[in-house]
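Q: Please take a close look at one part of this model, the nonpolar patch on its surface, and then set that part against the rest of the protein.

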Amino acid sequence: MEKKHSFWYVILIAAAAGMGGLLYGFDTAVISGAIGYLQELYNLSPAMEGWVISCVMIGGVIGVAASGFLSDRFGRKNILVIAAIFFIISALGSAFAVSVTMLVFARILGGFGIGFASALSVTYISECAPPAIRGRLGSMYQLFTIIGICATFYINYGVANSGTHAWGLELGWRWMLGYGTIPGIIFLFLLFFIPESPRYLYQKGHDQEAYKTLKRINGEEIAKKEEKEIKTSIEMEKSTSVKELVKPGLRMALGVGIFLALFNQVIGMNAVTYYGPDIFRSIGFENNTEFLATSIIGSVQVVFTIVGIFLIDSLGRKKLMAIGSALMAIFMGLIGSVFFFNPANAGILLIIFIAGFTAAFCVSMGPIPWIMIPEIFPNHIRAKAVGIATIFLWGANWAIGQFTPILINNMGSTFTFWMFAVINVICFTFVMTIVPETKNKTLEEIGLLWKEKGKDKSTTNQQPVNDSL
């Protein structure tokens with residue numbers, strides 16, 4: 001009996017593209033270890049501290065904005081190669097920076113690469129993966145992101161304990177930032193062993209090469225079905241353009257994509273990731289124990305991201321996001337209460353509540369938006385649409401990085417975390433009322449879903465009926 005797909009080949013494809021998440025995870029976490037030294041070395045204000053952390057998102061927004069158009073012209077794989085090169089140069093530039101200005105420039109350059117990878121890695125995986133396991137493979141990006149975050153927390157902890165505080169001010173933070181060359185080189189190396197996206201190849205008329213990839217991924221029977229569906233959808237959509245996104249149906253898809261991107265960032269996880277050591281330090285952690293506490297949270301991220309991978313295609317996207325956002329609202333409220341009441345065992349409670357919030361995030365709003373955003377758009381505008389949605393994601397990411405220290409400094413930690421609790425309640429409401437379920441649907445079936453909803457809306461003047469939990 002013929003295999004449904006070449007398992008290890010599919011894993012190689014997903015792992016290679018997912019490595020783009022490792023770059024994102026490294027950059028997200030490494031600055032949390034370096035920023036304390038940089039703040040002391042350069043006497044940074046809260047606003048400047050936020051700028052050093054958030055400046056990478058400026059490059060990210062530009063990279064994301066250009067990724068869709070560039071990948072449609074030059075291919076998903078080629079732009080991912082450029083992303084890896086940018087990140088390697090950025091890591092080296094950050095390590096050898098002689099001023100804040102040079103550091104900021106190097107981080108913005110790295111943002112270009114991370115922006116390309118964040119938009120295209122999951123798009124590439126979704127266009128290659130068999131429908132039955134697309135959710136799990138798409139979550140490889142998030143898994144690698146979390147592995148990158150966790151590994152970097154431990155790297156930061158190890159570097160911080162490798163010398164005196166004076167050594168850390170002079171060289172320690174440079175070693176932290178310089179380690180980014182390692183995931184960049186690994187990412188670049190693996191990209192040479194994966195094919196171009198078959199859907200992109202069909203769009204460019206390279207049918208033989210595209211079918212060869214589909215056959216190796218799915219087996220001959222499923223490959224023929226996939227080829228027919230892809231060609232049919234491409235033929236139907238040749239006369240359309242990105243303006244299709246503002247028409248009924250796909251306008252709804254764009255709205256869902258944008259809000260998923262926003263909620264992935266503004267619910268509070270990145271505030272913990274970027275400023276974890278500072279948050280723990282503010283409640284009494286010292287002598288590098290703040291780095292250890294942050295590393296523990298990173299380990300929780302890895303464990304529950306793996307749990308989420310096994311739940312996404314069985315329980316479904318919508319149910320997990322609803323449960324996760326409800327739990328995150330509760331834990332954010334408890335985190336704010338720790339700072340409000342400041343009990344004797346505040347440090348232990350803070351670790352427990354942040355770990356609970358992190359676990360809920362990693363099975364829901366962490367990986368699922370990265371999977372659903374590429375899923376909900378048709379072939380011909382997927383890369384561009386994902387780019388648009390991811391611009392909002394990076395914009396929200398920038399806002400969290402820039403304004404979290406200002407909020408904590410001016411409004412206090414209690415207000416800041418209770419604000420995140422309210423945002424999670426809004427996220428729960430959005431998921432329950434607007435977001436559809438895409439589990440076990442092919443990309444072409446999802447595209448037809450939006451068209452049918454748009455048609456129903458235009459003829460009945462009613463809101464689309466959403467899938468229930």
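A: Leu 171 is a convenient place to start, and its place is in helix 7. This is a predicted model, and the description below is of that model.

Leu 171 has a relative accessible area of 34%. Since the partly exposed class lies between 20% and 50%, Leu 171 is therefore counted as partly exposed. Leu 171 belongs to a nonpolar patch on the surface, together with Trp 175, Tyr 179, Ile 182 and Ile 186. The accessible area of these residues together is about 450 Å². Two elements, helix 7 (165-178) and helix 8 (181-191), each give two or more residues to the patch.

The surface of the protein as a whole comes to about 18,300 Å², with 68% of it supplied by carbon and sulfur atoms. The fold contains 20 helices and zero strands. Of the 469 residues, 60% are buried. Among contacts with a separation of 6 or more, 85% are between residues 24 or more positions apart.

The interior can be set beside the patch. In soluble globular proteins, nonpolar side chains tend to be buried together. Here the largest nonpolar core has 136 residues. The members that touch the most other members are Leu 38, Leu 260, Ile 335, Leu 350, Met 365 and Phe 377. Helix 1 (residues 7-42) gives the most to this core, with 19 residues. A second, separate core has nine residues, among them Leu 201, Tyr 202, Ala 210 and Tyr 211.

Met 365 shows the surroundings of one core member. Apart from neighbours within four places in sequence, Met 365 is in contact with Leu 260, Phe 263, Asn 264, Ile 267, Met 321, Met 328 and Cys 427.

Helix 1 also holds a charged residue, Asp 27. The relative accessible area of Asp 27 is 10%, so this residue is buried, the cut-off being under 20%. Leaving out residues up to four places away in sequence, Asp 27 touches Val 56, Phe 87, Arg 107 and Ile 114.

Helix 16 (residues 346-362) can be set against the patch as an element of the interior. Of its 17 residues, 14 are buried, so helix 16 is largely enclosed by the rest of the structure. At 1.5 Å a residue, helix 16 should span 24 Å, and its end C-alpha atoms are 24 Å apart, which agrees.

Conventions
Residues are numbered from 1 along each chain as its sequence is written. This is a predicted model: local features need pLDDT of at least 70, side-chain atom pairs count only at pLDDT 80 or more; totals for chains, interfaces and linings use all residues. Side-chain values use heavy atoms; hydrogens and water are left out. Helices (H or I, at least four residues) and strands (E, at least two) are DSSP runs, numbered from the N terminus. Buried means under 20% relative accessible area, exposed over 50%, partly exposed in between (1.4 Å probe, protein chains only). Contact means heavy atoms within 4.5 Å. Accessible areas come from the Shrake-Rupley method with a 1.4 Å probe; for residues, only the protein chains shown count as cover. A nonpolar core is a set of buried Ala, Val, Leu, Ile, Met, Phe, Trp, Tyr and Cys residues joined through side-chain atoms within 4.5 Å. The expected span of a helix is 1.5 Å times one less than its number of residues. Patches are made of residues with over 30% relative accessible area and no salt bridge: like charges are joined within 9 Å, nonpolar side chains (Val, Leu, Ile, Met, Phe, Trp, Tyr) within 5 Å. A salt bridge is a side-chain nitrogen of Lys or Arg within 4 Å of a carboxyl oxygen of Asp or Glu.
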